[in-house]
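Biologist: Could you teach me how to read burial, polar contacts and a ligand site in a model? I have it open beside me.

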Amino acid sequence: MAKQKADFPVSDIRRYLEPGPIVLVSSAWRGERNIMTMGWHTVMEFSPSLVGCVIASGNHSFDLVRHSRQCVINLPTTALTDIVVGIGNCSGADVDKFDKFGLTAQPSHKVKAPLITECHANFECRIKDDALVNRYNFFIFEVVKAHVAPRPKHPQTLHYTGDGVFTVSGKIVSRRNLFRPEML
Ligand SMILES: Cc1cc2nc3c(=O)[nH]c(=O)nc-3n(C[C@H](O)[C@H](O)[C@H](O)COP(=O)(O)O)c2cc1C
């Protein structure tokens, strides 16, 4: 059945396409550490495990990540909603966000950037390719180590739709039996 559709501003299509979930990117460089909130990321390859993302050059995190060539992508759940928003609305140039938001910086295994204990999962990353950084602020990372809490299997993650509003992951729908094995 065809749906009636209205013209829609192309600058707002993020409401439908923005990849989720919202993540927290932690970084460290020369004695400084920081966290930023991020929604603009995408899986690019499974093996090696590649993730691409935009870190705006005006963000304090940009220089820490660019110079250290590392970061940790941390997965928060709804328990951290206000903190996720707070971290995305202040700059590490002014405050230590681990202290300000009462988060625990835990040593990573393979990178110097700390992982955030309170998050459901932590993905240690190294820059794989910086060819698009100058032009698009687009970093291509390889995930070199992953830490994931075994439960819950489907954590309640945040998905940003712009304008200060998030949706929350919820109902689980499985069509596993319809997939070719190599597509799983
Ligand atoms: C929900 C949300 C999603 C965001 N996604 C991104 C993103 O993908 N890339 C980006 O550069 N900034 C993003 N931001 C903005 C940064 O988190 C924000 O500018 C932050 O203050 C940067 O911190 P820093 O200057 O300490 O690095 C987002 C903010 C929020 C609240």
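Biologist: Is serine 108 buried or exposed?

Modeller: Buried means under 20% relative accessible area, exposed over 50%, and partly exposed in between, using a 1.4 Å probe and protein chains only. Serine 108 has a relative accessible area of 13%, so this residue is buried. Serine 108 sits in the loop between β6 (105–106) and β7 (115–116); strands are DSSP E runs of at least two residues, helices H or I runs of at least four, numbered from the N terminus.

Modeller: Before we go on, this is a predicted model, where local features need pLDDT of at least 70, side-chain atom pairs count only at pLDDT 80 or more, and totals for chains, interfaces and linings use all residues. Residues are numbered from 1 along each chain as its sequence is written, and side-chain values use heavy atoms, leaving out hydrogens and water.

Biologist: What does the side chain of serine 108 reach?

Modeller: The backbone oxygen of alanine 113, at 2.6 Å.

Biologist: Which residues have N or O atoms beside an oxygen atom of the ligand?

Modeller: For tryptophan 40, a polar backbone atom is 2.8 Å from a ligand oxygen. Glycine 92 also offers a polar backbone atom, at 2.7 Å from a ligand oxygen. With lysine 97, an N or O atom of the side chain is 2.9 Å from a ligand oxygen.

Biologist: Which element gives the largest share of the shell around the ligand?

Modeller: That is β2, with 4 residues.

Key: A polar contact is a pair of N or O atoms within 3.5 Å; within protein, one must be able to donate a hydrogen and the other to accept it, and residues adjacent in sequence count only if both atoms are side-chain atoms.
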